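Visitor: I have a structure open and would like to talk it through with you. Shall we begin with the ligand?

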Amino acid sequence: MDLGIKGKRALVCASSKGLGLGCAEALAEAGVDLVMNARGAEALEAAAEDIRTRFGVSVTTVACDVTTAEGQAEVLAAADTPDILVTNAGGPPPGIWSDWDRDDFIRALDSNMLTPIALMKACLPAMMDRGWGRVVNITSQSVKAPIPALGLSNAARTGLTGYVAGTARQVAPSGVTINNLLPGIHDTDRAVSLDSGVSRQQNISVEQAREQREGTIPARRYGTRAEFGATCAFLCSQHAGFIVGQNVLLDGGATNATI
Ligand code: NAP
């Protein structure tokens, strides 16, 4: 399917690895020029070069922490009013409800709620002026059904979801859509880190922790970054202009809910 976005320009945050990289690859395959970001310059440049070689699009890299005001200014300067914005950053650490104090919540809110809000606020006006724009926020399955060990994520991402629900309907008249992608477990470094935590807690191997988790998913496997990226690219396509303010769950059926 031609996604109809060849020649558009996208800012894809936190995209040297994992789900952000999947989004960058799928947009590049659709002919979109990219600004990619991550903190680590080496992996970022390697990912960018691979995308340039495979898809022939222009890729600018910005190595910085996108959850800081300085980092946001850097990526926004490089992207220069993008047509497409994909927000993403690392997830907060696991724990239980009694572990976290105010500073932990502020950090989680900065990373997973206030950073995407700041980036949207900066990018939406030009999209609205042009009468076309796409925003996809990478959130989490934890928005639909809380994950006990990820209370910081549950809280911060639900706040973002409320903001998007209201804002998406205010910008839609200008041809701009905002939607959220909610990953369940996907085969990325984040999954290895979560499985390593279970392995330590339960004194089992990382492989056993993964098998145990896969057994709880109706699809009996982890998602892939390519599947995730393809969904992101579709939401950014010309075909998705009537999808507004939605929360698209990609979890292999793991969240047991009718709607
Ligand atoms: P990942 O494989 O660990 O990749 C994270 C990417 O983001 C890397 O490129 C990393 O590069 C970059 N990054 C992290 N923090 C950053 C920051 N502050 N500024 C700029 N770049 C940053 O993680 P992932 O699995 O793709 O997860 C992406 C998001 O989805 C996370 O918020 C995660 O919590 C959420 N999520 C993931 C899953 C899953 O199963 N994978 C499920 C639910 C939710 P650098 O380290 O070099 O900065």
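Visitor: Which residue has a polar backbone atom 3.0 Å from a nitrogen atom of the ligand?
Guide: Happy to help, and please keep in mind that this is a predicted model. A polar contact needs a pair of N or O atoms within 3.5 Å. A ligand nitrogen and a polar backbone atom, 3.0 Å apart, form such a pair, and the residue is Val66.

Visitor: And how far is an oxygen atom of the ligand from a polar backbone atom of Gly184?
Guide: Backbone atoms meet ligand oxygen too: a polar backbone atom of Lys17 is 3.0 Å from an oxygen atom of the ligand. For Gly184, the distance from a polar backbone atom to a ligand oxygen is 3.4 Å.

Visitor: How much of the ligand's accessible area does the protein cover?
Guide: The shell around the ligand has 28 residues, with Ser16, Leu19, Ala89, His186 and Thr188 as the closest. Helix 1, strand 2 and helix 6 (189-202) each give at least two residues to this shell. On its own the ligand has 890 Å² of accessible area, and the covered part is 89%.

Visitor: How many polar residues are in the shell around the ligand?
Guide: Sorted by class, the shell includes nine nonpolar and six charged residues. The polar residues number 13.

Visitor: Is Ser16 buried or exposed?
Guide: Ser16 sits in the loop between strand 1 and helix 1. Beyond its neighbours within four places in sequence, Ser16 contacts Leu21, Asn37, Ala38, Ala43, Leu44 and Ala47. The cut-off for buried is under 20% relative accessible area. Ser16 has 13% relative accessibility, so it counts as buried.

Visitor: Which element gives the largest share of the largest nonpolar core?
Guide: That core has 33 residues, and those with the most contacts inside it include Ile5, Leu27 and Ile84. Elements that give two or more residues to it include strand 1 (9-12), helix 1 (18-29) and helix 8 (225-235). The largest share is seven residues, and it comes from helix 1.

Visitor: How many residues are in the second, separate core?
Guide: This one includes Cys64, Leu85, Met113 and Ile117. In soluble globular proteins, nonpolar side chains tend to be buried together. The residue count of the second core is 24.

Visitor: How far apart in space are Gly166 and Gly245?
Guide: Gly166 lies in helix 5 (residues 151-171) and counts as partly exposed, at 31% relative accessibility. In sequence, Gly166 and Gly245 are 79 residues apart. In space, C-alpha to C-alpha, the distance is 8.0 Å.

Methods: Residues numbered from 1 in each chain as written. Predicted model: local features only at pLDDT ≥ 70, side-chain atom pairs only at ≥ 80, totals over all residues. Heavy atoms only, no water. Core = buried A, V, L, I, M, F, W, Y, C linked by side-chain atoms within 4.5 Å. Buried < 20%, exposed > 50% of the residue type's maximum accessible area, 1.4 Å probe, protein only. Helix = DSSP H or I, 4+ residues; strand = E, 2+ residues; numbered from the N terminus. Near = heavy atom within 4 Å. Polar contact = N/O pair within 3.5 Å; in protein donor to acceptor, adjacent residues only side chain to side chain. Areas by Shrake-Rupley, 256 points an atom, 1.4 Å probe, with all protein chains shown as cover. Nonpolar A, V, L, I, M, F, W, Y, C, P; charged D, E, K, R; others polar. Contact = heavy atoms within 4.5 Å.
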